[in-house]
Amino acid sequence: MAMKTTRKQNYPEWYQNVVSEADMAENSVSPGCMVMKAWGYGLWERIQRVLDEKIKETGHENYYFPMFIPLSFFQKEADHVEGFAKEMAVVTHSRLASQDGKLQPASPLEEPLIVRPTSETIIADSFAKWVKSYRDLPILLNQWANVVRWEMRPRLFLRTREFLWQEGHTVHATLKEAEEETVKMLEVYRDFSENALAMPVIAGRKPEYDKFPGAIDTYCIEAMMQDGKALQAGTSHFLGQNFAKSADIKFTNQNNELEYAYTTSWGVSTRLIGGTIMCHADDDGMVVPPHVAPYQIVIVPLIKKPEDSEKIMAYINDIQAKLKLETAFGEKIRLKVDGRDKASVDKVWEWIRKGAPMVCEIGARDVDNGGLMVKERIFIGQPEGKKIVKTDEFIASAGKRLEELQKLMFAKAQERLQQNIRTDITTPEEFAAYFANANEWIEDGKQGKVTFVRGKWCGDAATEEILKSMKITIRCIPFDQSGTVGKCLLTGKDATMDVIYARSY
RNA sequence: CGGAGUGUAGCUCAGCCUGGUAGAGCGCUACGUUCGGGACGUAGAAGUCGCUGGUCCGAAUCCAGUCACUCCGACCA
């Protein structure tokens, strides 16, 4: 076990351990913010690349808007300002001046600027300028940006004051088209999460009280972490005409009538990295899904005698050249030869803690035998975790093998999710007793002590208080509804709506 | 903003009660023996003890103030 703390011992501590031992990120001197290091930021770059392609395939184009938003913009939409008011970074001055040897803010701004917590308001303002006729619609845009939300209790990747994300914003002529866009982009997220991150999710709609401020409907994908808690991995909002009315986005329709447009917005953030960690990492550290691994294969030379160096490096260079011609997931294989002047064992374990999908050790013996030692990350700790293979065969099958490893990771995570959605709880008493348990890490192939519960909800607004007191949340109202009648797990009233109840991050 | 705690070497911490001017482990550097599941030996470099003030012949240690961080709560689209 490479981690000081195991999942079973202390799940949150284990998580912090993984982030630091995998060298993905660390706390910054700037409070609540993080420094993303090469292996963590590299994962984000991969997420960007794969997702950006999907966003463009669905007809969207990238724009960039300013990070400063005039304060007054937030006042235009009542729910929106209320939702974000408590966590805004406010810029009030434009320069510093020296006073008694101390720098003090000087030159107050006429109107304070908000460091964007999200960009609906400033983008809506542009939309209002750009939209005149139904012929201007739809507008389908996306931006990759940083946003700031003044969180009080930050956790690396899961909740930091500044984080990176993409936010899509679209304008449509009809309600139906905007609703379809909202659901379509959620589906892009579901597909991305499950196929690129190997992280299974439940897609659905948020209950009324948990909607994005200013939205008519909020849709989401919810993932299960290894401690049975839920993590919101992506959201897509149908904003109706709310922002169109507050920003005056009007267009002339085909009947020459002036109409408010319909808008949507949707986003995923660096939180996905936190989710990927808590979905796949183990007691030896991070496990990166091959599809998004900055390096899919890392080669570590084992040089015991200096005189072997030349022939080993020549052998490795040859392997490297050949591997670079191979593909996985429709892209060239990404590999690194770790030639740093360090002990080989240390380098190997460093890459295991980082979760590189495959680590190859190559020494003099391998050169003579035409082979190499390959360690597959997901099998580390098991007998099949390392094997000596013929180099030619390894090169020829590497791409396919990476794709297999990806599928195995998804299958394992999906099995865990399916095993840990309880559907046999039918009364408020059973429900309360069930969640009275403490959270506990879910051992592979077993049912956890605390799981998701799928059951009925009456939809009554008063149930929000009950949930709060129990520290349970309704994660979503899944798209696949059974349609059966049962008792609400909170009130005992007759209900038809199926929801997912869970503790959450 | 409440409640608790911690600031000493790059990291984790001991020393503080009972003042006498700095220690360990890990890491780092060099050399040697090792090396395919994470080695060992020897030598070495490295700290204005968070900051300011006070008491004292003398403060990491006592006193006062101050700053910062961590954990638990509240908050978390």
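Start by selecting Val359 and Lys375: Val359 stands opposite Lys375, which sits in β20. Keep in mind as you click around that this is a predicted model. Now add Lys386 to your selection, since the trail carries on from there: in β21, Lys386 is the bridge partner of Lys375.

Next, pick Cys360. Which residue of β20 is its bridge partner? Colour Val374 and you have found the partner of Cys360. Stay on Cys360 a moment and look past its neighbours within four places in sequence: you'll find contacts with Ile297, Ile299, Val300, Leu372, Met373 and Val374.

**The sheet**

Time to zoom out and show the strands as ribbons. You're looking at an open sheet of five strands, in the order β18-β15-β19-β20-β21, with mixed pairing. Find its two edges, β18 (335-337) and β21 (386-390), each pairing on one side only. From one strand to the next, the twist averages 25°.

Follow the strand pairs you've already touched. β19 and β20 run antiparallel and are joined by four bridges. β20 and β21 are antiparallel too, joined by five bridges.

Now bring in the helices. Select residues 309-323, helix α9: this helix packs on the sheet and touches β15 (297-302), β18 and β19. The direction of α9 makes about 170° with that of β15. Then select α12, which lies across β15, β20 and β21 and runs at about 130° to β21.

**The cores**

Hide the ribbons and show nonpolar side chains. In soluble globular proteins, such side chains tend to be buried together. Here the largest nonpolar core has 102 residues. Those with the most contacts inside it are Val18, Val19, Ile221, Ile297, Val359, Cys360 and Tyr501, so your list includes two residues from the start of this tour, Val359 and Cys360. Which helix gives the most to this core? Go back to α12 (residues 391-419), which supplies eight residues. Apart from this core lies another one, of 27 residues; to spot it, select Ile69, Phe74, Phe243 and Ala261, which are among them.

**Beside the RNA**

Switch on RNA strand B. There are 35 residues around it, and the ones that come nearest are Phe212, Trp349, Gly363, Met373 and Gly385. You've met Met373 before, as a contact of Cys360. How do the residues of this surface divide? Colour by type and you'll get 12 nonpolar, eight polar and 15 charged.

Now colour by element. α10 (344-354), β19 (358-363), α11 (364-369) and β20 (371-376) each supply at least two residues of the surface near the RNA. The largest share, five residues, comes from α10.

**Three backbone oddities**

Most residues other than glycine have a negative phi, and most peptide bonds are trans. With that in mind, try these stops:

- Select Leu137 and Pro138: the peptide bond between them is cis, with omega near -5°. Pro138 is in the loop between α5 (120-130) and β7 (139-148).
- Select Phe157, whose phi is positive, near 70°. Look for Phe157 in the loop between β7 and β8 (162-172). Is Phe157 buried or exposed? Phe157 counts as buried because 26 C-beta neighbours lie inside 10 Å.
- Select Lys471, where phi is near 60°, again a positive value. Lys471 is in the loop between α14 (463-470) and β24 (473-478). Lys471 has 9 C-beta neighbours inside 10 Å, so Lys471 counts as exposed.

How values were computed. Residues are numbered from 1 along each chain as its sequence is written. Chains are lettered from A and ligands numbered from 1 in the order in which they are written. This is a predicted model: local features need pLDDT of at least 70, side-chain atom pairs count only at pLDDT 80 or more; totals for chains, interfaces and linings use all residues. A residue is near a molecule or strand if its C-beta atom, placed from the backbone, lies within 6 Å of it. Ala, Val, Leu, Ile, Met, Phe, Trp, Tyr, Cys and Pro count as nonpolar, Asp, Glu, Lys and Arg as charged, and the others, Gly among them, as polar. A nonpolar core is a set of buried Ala, Val, Leu, Ile, Met, Phe, Trp, Tyr and Cys residues joined through C-beta atoms within 7 Å. A residue is buried if 20 or more other C-beta atoms lie within 10 Å of its own, exposed if 12 or fewer, and partly exposed in between; C-beta atoms are placed from the backbone. Two residues are in contact if their C-beta atoms, placed from the backbone, lie within 7 Å. Two strands pair if DSSP finds at least two bridges between them. Axes are lines fitted to C-alpha atoms, for helices over the stretch in contact, and angles run from 0 to 180 degrees between N-to-C directions.
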